[in-house]
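Q: Could you walk me through this structure in plain words, with the terms explained as we go?

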Amino acid sequence: MAVVRSGWNWLVADGHRCRPGEGIAYCHIGVRETPGGPTAAFLRERRDLQAVIATPVGGVVRHRPASGGLLDRLEFFLWNPDTAIADIEVAGDAQGDVVARVSIAAGLRIAELAGDNTGLQSGWHARNRAWVDAPGAWGTLLCAGTCEAAGVIKGARGGCLELMQAVAGPAHVVYWDDAPLALTARSLLEAAERDADANAAIGADLAGVIGPAANPTDWMFGAALLTQLQASPLSERCEVTADGGVAHTAAPDALLLSIANEGRQRLRHRQLGYQIYMHAFRVDDAGPATRAWLRDAFEPVKVTLEAVRDDYLALIRQARVARPGATILIMNALSSDASEDLPNFVGLDAPLGELVSSVGRKEANLMLHDLAREADIDIVDVDLIAAGLGARDHLPDTVHGSAAMHDEVRAEVLRLLRARSVPGFAPSAFS
Amino acid sequence: MTMAARRPAVLLELRLPRIVDAMAFALIDAAHVAEGGSVGLGAKLFDLTIDLSEAFAHDCPPVSHYRLAARDKAWLRRLDAGAGARLAPDAPLALFSTEPDEPLDQAPARALRISVIGIVPAGGLF
């Protein structure tokens, strides 16, 4: 096999004072049978496969000349480990070469046409991954995407730069996006249980709806929906570059979930039986045929906390069948509401948890504590972290966090993974 | 000699509070009160939705739902906004009085005391 690459794209400006381990550049890469031959690996991610270059020493970055233009986006060059990428001006008289630390980022496009190769993991992806190779046993963290976790896992600039900098490796992180469907515990389970015939039945049903629609919005929404429904994040085994070649990861060693993904009302397909949940605003993004299909072909299902707990328990069992002892992390919810002014509960209809959103979130958090005792899982205490930082400034709408919030939650996720000795996630020399 | 203390009857106004700093508008989902009716402590007045993507483009719009509930006993004398109204902060919502027949040709003495409650929306996806 041969690795080919584009020119270098800078993540920092010339003259930037970088920290040890900081990602300073990336390039697009391809794994080919021969330098000019066909793709040999990462077939579904071949157009959004990128290598991130981190400097092992801190100092002032001086760019080497870049090719520019499309040469920095397309793989015109052969990967040569002796290539000098940049100069790092360090304190003192130190001189010599340092070997860059390389992590890989990969994006699975919703469709091959949904591409944008202008940035690090730019474009419309159903799934993003990143990994860093090192000696030892691999560890995989699978995250069911949600806005609370996106910045934590993918980082401020994409490519999982912060996570890759923090871990010794070999570590692999997988993030499935939540558009249009939020990935509930039930949907992850159902996807893992569906066979090819069941997936085909879902596809045929959806095609019967959006096929005649001849409406781009319906087709785009349908493509994203079908990509999600026909994928099984839990049972997927991914390629990674490892030890100079390509390897496949095992079942996830850890799952990162969020209680925010467990909506209180799902839709159940009347004929095929599968359940979906999406945020209400997603429905507005669907075309008219898809909206009609969601309204007519599905029935609403009210979801109690007991049902969510049962789904979690089933998912945990499933994950631990595939990977005995798998670590399960669940992000809890901000239990208070800075915009709320509620001195008492007089006049409010019971049950309060189904009416007052902050009470509902408190009850969900309590359920997670029961689950933690029952199933030996860990809670990522978003509630505590937001309270400590100041929720009004760092989690103003209870969902979308600041960079500081993401940094703190990421540090907590890593602390929990390390406490469970999940392989690959030990601290790097730069964390 | 005995004396009976009696609070003077006054008008109380209710305007849309700025619940979230960045809010530009709120959509009134429901008005739970009718003109002429009385409201007690804790009575639900309005349900509303605040969509911050009104203020800035957003792929994942932060949409929040709130209920305004009374913390004064009063009579609703005039309803200024009903379901479907789209209002900016400080827009008038309703006028109340502490007695059912208080004349309306006077300025409100103060704002109606209310609770602002974040709620789970009653509707489903449609």
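A: What follows is a short chat about the two chains, beginning with how far the model can be trusted.

Q: Okay, what kind of model is this?
A: This is a predicted model, in which local features need pLDDT of at least 70 and side-chain atom pairs count only at pLDDT 80 or more, while totals for chains, interfaces and linings use all residues. Residues are numbered from 1 along each chain as its sequence is written, and chains are lettered from A and ligands numbered from 1 in the order in which they are written.

Q: What scores does the predictor give the complex?
A: The predictor gives the complex an ipTM of 0.85 and a pTM of 0.92.

Q: And what pLDDT does chain B average?
A: Chain B averages a pLDDT of 89, and 86% of its residues score at least 70; pLDDT is the predictor's confidence in each residue, from 0 to 100. Among the elements of chain B, strand E8 has the highest mean, 98, and strand E5 (residues 63-70) the lowest, 92.

Q: How many helices and strands are in chain B?
A: Chain B has 0 helices and 10 strands, where helices (H or I, at least four residues) and strands (E, at least two) are DSSP runs numbered from the N terminus.

Q: Which strands make up the open sheet?
A: The open sheet has 5 strands in the order E3-E6-E8-E1-E9 of chain B, with mixed pairing. Its edge strands are E3 and E9 (110-111) of chain B, each of which pairs on one side only. Two strands count as paired if DSSP finds at least two bridges between them.

Q: How do E3, E6 and E8 run there?
A: E3 (residues 38-39) of chain B is joined to E6 (residues 74-79) of chain B by 2 bridges, and the two run antiparallel, with B:Val39 standing opposite B:Ala74. On to E8 (residues 92-97) of chain B, E6(B) has 4 bridges, again antiparallel, and here B:Trp75 stands opposite B:Ser97.

Q: What does B:Leu27 stand opposite in E4(B)?
A: B:Leu27 stands opposite B:Thr49 in E4(B), and its bridge partner in E7(B) is B:Arg86. Strand E2 (residues 26-31) of chain B runs antiparallel to strand E4 (residues 44-51) of chain B, with 4 bridges, and antiparallel to strand E7 (residues 86-87) of chain B, with 2 bridges.

Q: How much of chain B is buried?
A: Of the 126 residues of chain B, 33% count as buried, meaning that 20 or more other C-beta atoms, placed from the backbone, lie within 10 Å of the residue's own (12 or fewer is exposed, and in between is partly exposed).

Q: Switching topic, where do the two chains touch?
A: In total, 28 residues of chain A are in contact with 22 residues of chain B, contact being C-beta atoms, placed from the backbone, that lie within 7 Å. The elements giving two or more residues to chain A's side are strand E16 (265-269), helix H6 (280-285), helix H7 (288-296) and helix H9 (357-375) of chain A.

Q: What classes of residue are on that side?
A: The side of chain A that touches chain B divides into 14 nonpolar, 7 polar and 7 charged residues. Here Ala, Val, Leu, Ile, Met, Phe, Trp, Tyr, Cys and Pro count as nonpolar, Asp, Glu, Lys and Arg as charged, and the others, Gly among them, as polar.

How values were computed. Two residues are in contact if their C-beta atoms, placed from the backbone, lie within 7 Å.
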